[in-house]
Structure formats: C-alpha cells, structure tokens
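Could you walk me through this model in my viewer, one selection at a time? I would like to know what to pick next and what is there.

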Amino acid sequence: MRRWTTALAAVTLAAGVAATAVPTASAVTATTGCSTVWGSLDRQDRTVPYQPQALANVRTGAHECFDRLVIDVPGTSPANPLAHRVHYTNGNTVYQAGSGRPIPVGGGAVLEIVVGASSYDPATWQVVYPARSGDPLPGVDLTGHRTFVDARFAGSMEGETQFGLGVRARLPFEVFQLDGRLVIDVAHSWSTAG
C-alpha cells in the first residue's frame, strides 16, 4: 500500500505541471527498489459498474526496471476505476471476443488486456481510437523497450477493448489506476534489477 501511496503522491504533485504526468522511473524505483514481488498471476477488477467510456490513447514507456503500457481513458480515477482484466495467455495468440478470430502476437509470452472502454464514442459511435483488429497499436513504437516485443489491437465490442501485449518471457507485472489512465508495468526480469 505504501508503494501505491508514494507513486500516487508523485503523480498528484506532478499533476500541477502536466495533466498527463506518469510517475517517473526514479520515483517508481525509489518506492519499489526494482523489486519484482508483483508476480505473474491474473489481475482484474470487474466489479466496477458499467459506464460507457471511450478509450483516448495507448502509449508505452521504457524505464530502468520495467516497461510501461498506459491506457488513457478520461474520467477514470482510483475512486472511479476502469474495469480491467490482464492475464498471460497459453501460447502466442489472443482470441478476439465475439468472433474467436486468432490474433497472433510476437514474443515469448503474451498478456491479454481487456478494459471496460470502447475504441468509439458510446454517445456518437464515432471512432476515437483508430486501431484495426490484428494490427500493431497506432502510434506505439517499441524501439528501446527491454521487455515489450509486440502490441496488437484485438478489437472493441460491447463496451470493452481487447489488446495483446507480447513480452520477452512470462515476467512479473503490476496493474494500477491513476487519474485518467490504467497503468501496466512489466518487469525486465524476475530478479532484482537496476
């Protein structure tokens, strides 16, 4: 809990400087010491009541101890979290919800990520996140990442959006909610690093 509070405090302080601030690698390193106590078991919060929400963006960052995927969904926060499910798949495929279409994802292991937000505006049905099923995530460049290998869009259906995140191997990860975004960190290794 202390790690959460410290990281959240760092973001809160930085919020006055930049609305899209994410804890810096040094702030996270100071609170975690590059510890990989996160584990690799499923993470989910599906208790959140359904609220039509639109996915604004997906972006990544390479840090000293981990690679980070950030899913921007305005209006979400720790008090109003985004419903999500994150887990390792069996093999290198994500199966598209509804159709069952296989979406191959590169890497030694694949995290399937499902969030309770759509790639279109629920009020107007206009596309707000221009991704195509099976394609790499728009605007995401994985050059320089030590853990991330591939990032694919699987689809958006009935208020949920599905991604496949290819990583080097089945590595520990953590998922947490900040203001306007869900953060997924995947460690570079199982041992203490940095």
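## Starting with the rings

Welcome! Select the Phe, Tyr and Trp side chains to begin: the count of aromatic pairs comes to 5. Keep in mind throughout that this is a predicted model.

Now pick Y129 and F153. Their rings form a tilted pair, with 6.1 Å from centre to centre and 55° between the planes. This pair links distant parts of the chain: Y129 belongs to the loop between β7 and β8, F153 to strand β8, and 24 residues separate them. Add the surface, and see where each ring sits. Y129 is buried, with a relative accessible area of 3%, and F153 also counts as buried, at 4% relative accessibility.

Keep F153 selected and add F163. Here the rings form an edge-to-face pair, 6.0 Å centre to centre with 70° between the planes. Because F153 lies in strand β8 and F163 in strand β9, the pair ties together parts that are 10 residues apart in sequence. Both F153 and F163 are buried. With all three side chains displayed, you have a cluster: ring pairs link Y129, F153 and F163.

## Along β9 and its partners

Next, switch to cartoon and colour β9, residues 160-167. Is this strand enclosed or open? Of its 8 residues, 7 are buried, so β9 is largely enclosed by the rest of the structure.

Show β8 beside β9: the two run antiparallel and are joined by 8 bridges. The rings you have just visited meet again here, since F163 in β9 is the bridge partner of F153. Follow the hairpin of β8 and β9 to its turn, where 2 residues lie between the strands and E158 takes a positive phi near 50°.

Then bring in β7. It pairs with β9 in the antiparallel sense, over 7 bridges. For a landmark in this pairing, select V114, which stands opposite Q162 in β9.

## Zooming in on L165

Stay in β9 and select L165, which lies within this strand. L165 is buried, with a relative accessible area of 2%. Which residues does L165 touch beyond its neighbours within four places in sequence? The contacts are L69, V105, A109, V110, L111, I113, F148, D150, A151 and V186. For a distance check, draw a line between the C-alpha atoms of L165 and N92: they are 9.7 Å apart in space and 73 residues apart in sequence.

## Widening to the core

From L165, expand to the largest nonpolar core, which has 30 residues. Those with the most contacts inside this core are I71, I113, F163, L165 and V186. The elements that give two or more residues to it are β3 (66-72), β4 (84-88), β7 (109-115), β8 (148-157), β9, β10 (173-178) and β11 (181-187). Among these, β7 gives the most, with 4 residues.

## Over to the open sheet

Now hide the core side chains and select β2, β3, β11 and β10. These 4 strands form an open sheet in the order β2-β3-β11-β10, with antiparallel pairing. Its edge strands are β2 (57-62) and β10, each of which pairs on one side only. Tilt the view to look for the twist, which averages 20° from one strand to the next.

At one end of the sheet, zoom in on β10 and β11. They run antiparallel, and 6 bridges join them. Pick Q177 to see L182 of β11 standing opposite.

## Stepping back to the whole chain

Finally, show everything. The chain has 2 helices and 11 strands; read along the sequence, both helices come before the strands. Of its 194 residues, 48% count as buried. How many of the contacts between residues at least 6 apart in sequence join residues at least 24 apart? The share is 68%.

For a last colouring, try pLDDT. The mean over the chain is 82, and 78% of the residues reach 70 or more. Then select residues 1-32, where the pLDDT is below 50; this stretch has 41 contacts in the model beyond near neighbours in sequence.

Notes. Residues numbered from 1 in each chain as written. Predicted model: local features only at pLDDT ≥ 70, side-chain atom pairs only at ≥ 80, totals over all residues. Heavy atoms only, no water. Buried < 20%, exposed > 50% of the residue type's maximum accessible area, 1.4 Å probe, protein only. Contact = heavy atoms within 4.5 Å. Core = buried A, V, L, I, M, F, W, Y, C linked by side-chain atoms within 4.5 Å. pLDDT = per-residue confidence, 0-100. Pairing = 2+ DSSP bridges. Axes fitted to C-alpha atoms, helices over the stretch in contact; angles between N-to-C directions. Phe/Tyr/Trp six-rings, centres within 6.5 Å; stacked < 30°, edge-to-face > 60°.
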